[in-house]
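Subject: Structure for you to look at

Hello,

Here is the structure I promised to pass on. Please open it beside this email and follow along.

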Amino acid sequence: MKKRVGIPRALLFYEFEAMWKTFFEELGAEVIISPETNKTIKDLAVRFAPDEDCYSTKLYFGHFLYLKDKVDYYFIPRFGSDHEDNVGCPKFLGLAQVLNSLYPDFPEIIMPYYSQAKANHGKKRILKIIFQVGFKFSLNPFKILKAGLRAFKAQEEHEKQLYITEQKLEKWSKSQIVLNGKPNLENRKKPMKIALVGHRYVLNDELSNLDIIENLLQKGVDIITSEQMPRKLIEDQMEKLDYNLYFSNAREILGTILYFLENNTIDGILQLAVFSCGPDSIILELASRYSRRLPDTPLLQLVIDELTSEVGFGTRLEAFLDMLDRRN
Ligand code: SF4
C-alpha cells in the first residue's frame, strides 16, 4: 500500500505546491492535500488555533486538523529563506514544531529545515533534505535523486507560467490580454484595471479573500495580482528603497504597490492584508505613506480575519469602485 503524505492547503503550499507534490508522487507516495478552505476547516481553525495567531496561521491549523485521520505523514517544511539577506515569516519556521508539540499523537511531521539567510544553507543542504526525506519512501537512491530533480523542474515550470514578462504586462495594461479571467462588461464600456496585492495564500484562497477575484470580474474589473508581476520590476522597486525590506513575501507586495503608484498605468490598487500579521502591519503603513506621496493611483487597504463580514467587505469594495468610476 502506498504511504500517504498529507499537505495542508495553506501558507507555503501556495508557493511550492508543484515541487512538493511532484517529489512525493515520483517517490510513489500518495499525496493528500486538504481541500480548499471550507466552513468545516474554518470552524476547526477558529476553535483550535491560538487566538493570537494571524488569520492565515489559524486556517493552517484547520487544514492540519482536517487531515488527521487521512494520512501517514504530514509534510510541513521549516522554510526560512532562499535568499542570502531576506527571510520568510517566522511562522513558516515555527509552525511544524508548534503543531508537533501540541499534537504529539498525530502522524509524524516531516519537517526539513532550510534557510539560506540564517543558516547559510545551499545546494548541499537541499541534497541532504532530498535523501533524508526520500529514504522514508524508497530505498533506491537513484529514484530519490530523480524525484528531487523532477520536483525542481516542476517548480521552475510553474514559476515560468506564473510570473509574466514585462511585454505581457504591457499587453495587459493595454487590455490586449487578460490574466485572471474575462471581466463582465455589461455595465461598462471598458474594463477597470486593478492590481490585487497580498499574500499568495490569501489571493488563492476564496474563503480567505471572500471570493474577491470573481466579485471584481463580475463588476467589470480586469485584475493583475502581485504574484504574477515580473520579478525584475519588483526587485527594481526594492533597489530604490534606502533600506532592505527584510521579509521576502513583503517585497512582492510592496514592490507591486510601488510599481503601480509610480507608473500610474492602472485605475487602482487593492491591498488585502491579514489581521495580526507582523509583516503586513509594516507594509500597510509603508504603502499608505508612499500612496500619499504618489496619490494618482488610489490605494484601498482591506484587512481580513475570521470575523470579516461579506457585507461590510462588499460595501467597501463597491465604494472604492464608485470612487474610481467618478475619477475616470
Ligand atoms: S506573513 Fe503574516 S499572514 Fe503570513 S504567516 Fe506570517 S504573520 Fe501570518
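**What I found**

Start at the beginning of the chain: β1, helix α1 (residues 13-26) and β2 form a right-handed β-α-β unit. Keep in mind that this is a predicted model.

Look at the two strands of that unit. β1 covers residues 4-7 and β2 covers residues 30-33. They pair in the parallel sense, over four bridges. For one partnership, find Arg4: its bridge partner in β2 is Glu30.

**Two domains**

Now zoom out. The domain assignment splits the protein into domain 1 (4-161) and domain 2 (164-327). Taken over C-alpha atoms, their centres are 27 Å apart. The two domains touch: 22 residues of domain 1 are in contact with 23 residues of domain 2. On the domain 1 side, the elements that give two or more residues are α1, α2 (39-48) and α3. The most come from α3, which gives four residues. By class, this side of domain 1 has nine nonpolar, seven polar and six charged residues.

**The sheet with β1 and β2**

In what order do the strands of this open sheet run? The order is β2-β1-β3-β5. There are four strands, and the pairing is parallel. As a reminder, strands of a sheet pair through backbone hydrogen bonds, either parallel or antiparallel.

Which strands sit at the edges? They are β2 and β5 (108-110), and each pairs on one side only. Neighbouring strands here are turned by 30 degrees against each other on average, ignoring direction.

Now check the β5 end. Strand β3 (residues 73-75) runs parallel to β5, and three bridges join them. Tyr73 has Glu108 as its bridge partner in β5.

**The sheet with β7 to β10**

There is another open sheet of four strands, in the order β8-β7-β9-β10. Its pairing is parallel. The edge strands are β8 (221-225) and β10 (299-304), each of which pairs on one side only. Its neighbouring strands are turned by 25 degrees against each other on average, again with direction ignored.

Take a closer look at β7, residues 192-197. Five bridges join this strand to β8, and the two run parallel. Ala195 stands opposite Ile224 in β8.

A helix also packs over this region. Helix α12 (residues 248-263) lies across β7, β9 (268-274) and β10. The helix runs at about 155 degrees to β7.

**The ligand**

Finally, turn to the ligand. Which residues come nearest to the ligand? They are Cys54, Cys89, Lys91, Val274 and Cys277, out of 13 residues around the ligand. Two elements give two or more residues to this shell: α3 (55-66) and α13 (278-293). The largest share, three residues, comes from α13. By class, the shell divides into six nonpolar, five polar and two charged residues.

Why does the ligand lie between domain 1 and domain 2? Both domains give residues to the shell around the ligand, so the ligand lies between them. You can connect this with the domain contact: α3 gives residues to the ligand shell, and α3 also gives four residues to the side of domain 1 that touches domain 2.

That is the tour. Write back with any questions.

Best wishes

Conventions
Residues numbered from 1 in each chain as written. Predicted model: local features only at pLDDT ≥ 70, side-chain atom pairs only at ≥ 80, totals over all residues. Near = placed C-beta within 6 Å. Nonpolar A, V, L, I, M, F, W, Y, C, P; charged D, E, K, R; others polar. Domains from an automatic or database assignment. Pairing = 2+ DSSP bridges. Axes fitted to C-alpha atoms, helices over the stretch in contact; angles between N-to-C directions. Contact = placed C-beta atoms within 7 Å. Right-handed = clockwise from strand over helix to strand, strands pointing away.
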